[in-house]
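Trainee: Please take one part of this model and go through it closely. I want the packing partners, residue by residue, and then how that part sits in the rest of the chain.

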Amino acid sequence: MLRKFTVRDPMLICCDENRRVIYVTPQGDLRAKEAESMHRQVQEYAQHDMEALVLDLARVRTIDPFGLHTILLLYNQLCKSRGELIIENASRELKKLFQLM
């Protein structure tokens, strides 16, 4: 069962009943302000034993360096707890960038 959370930011965050899998769907641009908000909100919903973060980028137009930095922070956090970052619907350019990292 998923619980939906609506927030003031143009972003949808859902999580499973145990808050072990978090689904994030940002919209528009993922720049400093939006990335900071996304990071803060994920931290609010996450528990230390979060298994996965699903980041759906289908509605994201652009990502600035701070947005990429935030994604990497979340990735590193998940790696430390043996969790998984799943990125869905990334643009071809963004997929290439992630492959280089």
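**Two helices, side by side**

Mentor: Start with Glu 34. Leaving aside its neighbours within four places in sequence, Glu 34 is in contact with Met 11 and Asp 29. Keep in mind that this is a predicted model. Glu 34 belongs to helix H1. Its relative accessible area is 27%, so Glu 34 counts as partly exposed. That figure lies between the 20% and 50% cut-offs.

Now look across to Phe 66. Along the sequence, Glu 34 and Phe 66 are 32 residues apart. In space their C-alpha atoms are 9.5 Å apart. Phe 66 is one of the H2 residues that meet H1.

That brings us to the helix pair. H1 covers residues 32-45, and H2 covers residues 65-80. Their axes are 8 Å apart, at an angle of about 20°. H1 is therefore roughly parallel to H2, because angles under 35 degrees count that way. The crossing of the two helices is right-handed.

Which residues make the contact between H1 and H2? From H1 come Ala 32, Ala 35, Glu 36, Met 38, His 39, Val 42 and Gln 43. H2 supplies Phe 66, Gly 67, Thr 70, Ile 71, Leu 73, Leu 74 and Gln 77. By type, the residues of this contact are eight nonpolar, five polar and one charged.

Pick out Thr 70 next. Thr 70 lies in H2. Is Thr 70 buried or exposed? Its relative accessibility is 2%, so Thr 70 counts as buried. The cut-off for buried is under 20%. Apart from neighbours within four places in sequence, Thr 70 contacts Ala 35, Met 38 and His 39. Those three residues are among the H1 members of the helix contact.

Follow the chain out of H2. Arg 82 sits in the loop between H2 and strand S7, which spans 84-88. Arg 82 is not a glycine, yet it has a positive phi of about 60°. At 80% relative accessibility, Arg 82 counts as exposed, because the cut-off there is over 50%. On the other side of S7 comes Asn 89, in the loop between S7 and helix H3 (92-100). Asn 89 also has a positive phi, of about 55°, and is not a glycine either.

Check the cysteines too. Cys 79 falls within the residue range of H2. With a relative accessibility of 37%, Cys 79 is classed as partly exposed. Cys 14, at 8%, is classed as buried. How many disulfides does the whole structure hold? The search finds zero.

Finally, set the pair in the whole chain. The chain has three helices and seven strands. In sequence order the pattern is β-β-β-β-α-β-β-α-β-α. H1 and H2 are thus two of those three helices, because helices are numbered from the N terminus. Of the 101 residues in the chain, 39% count as buried. Thr 70 is one of the buried residues. Take contacts between residues at least 6 apart in sequence: 65% of them join residues at least 24 apart.

How values were computed. Residues are numbered from 1 along each chain as its sequence is written. This is a predicted model: local features need pLDDT of at least 70, side-chain atom pairs count only at pLDDT 80 or more; totals for chains, interfaces and linings use all residues. Side-chain values use heavy atoms; hydrogens and water are left out. A disulfide is a pair of cysteine sulfur atoms within 2.5 Å. Buried means under 20% relative accessible area, exposed over 50%, partly exposed in between (1.4 Å probe, protein chains only). Axes are lines fitted to C-alpha atoms, for helices over the stretch in contact, and angles run from 0 to 180 degrees between N-to-C directions. Helices (H or I, at least four residues) and strands (E, at least two) are DSSP runs, numbered from the N terminus. Angles under 35 degrees count as roughly parallel, over 145 as roughly antiparallel, 65 to 115 as roughly perpendicular and the rest as oblique. A crossing is left-handed if the near helix is turned anticlockwise from the far one by less than a right angle, and right-handed if clockwise. Contact means heavy atoms within 4.5 Å. Ala, Val, Leu, Ile, Met, Phe, Trp, Tyr, Cys and Pro count as nonpolar, Asp, Glu, Lys and Arg as charged, and the others, Gly among them, as polar.
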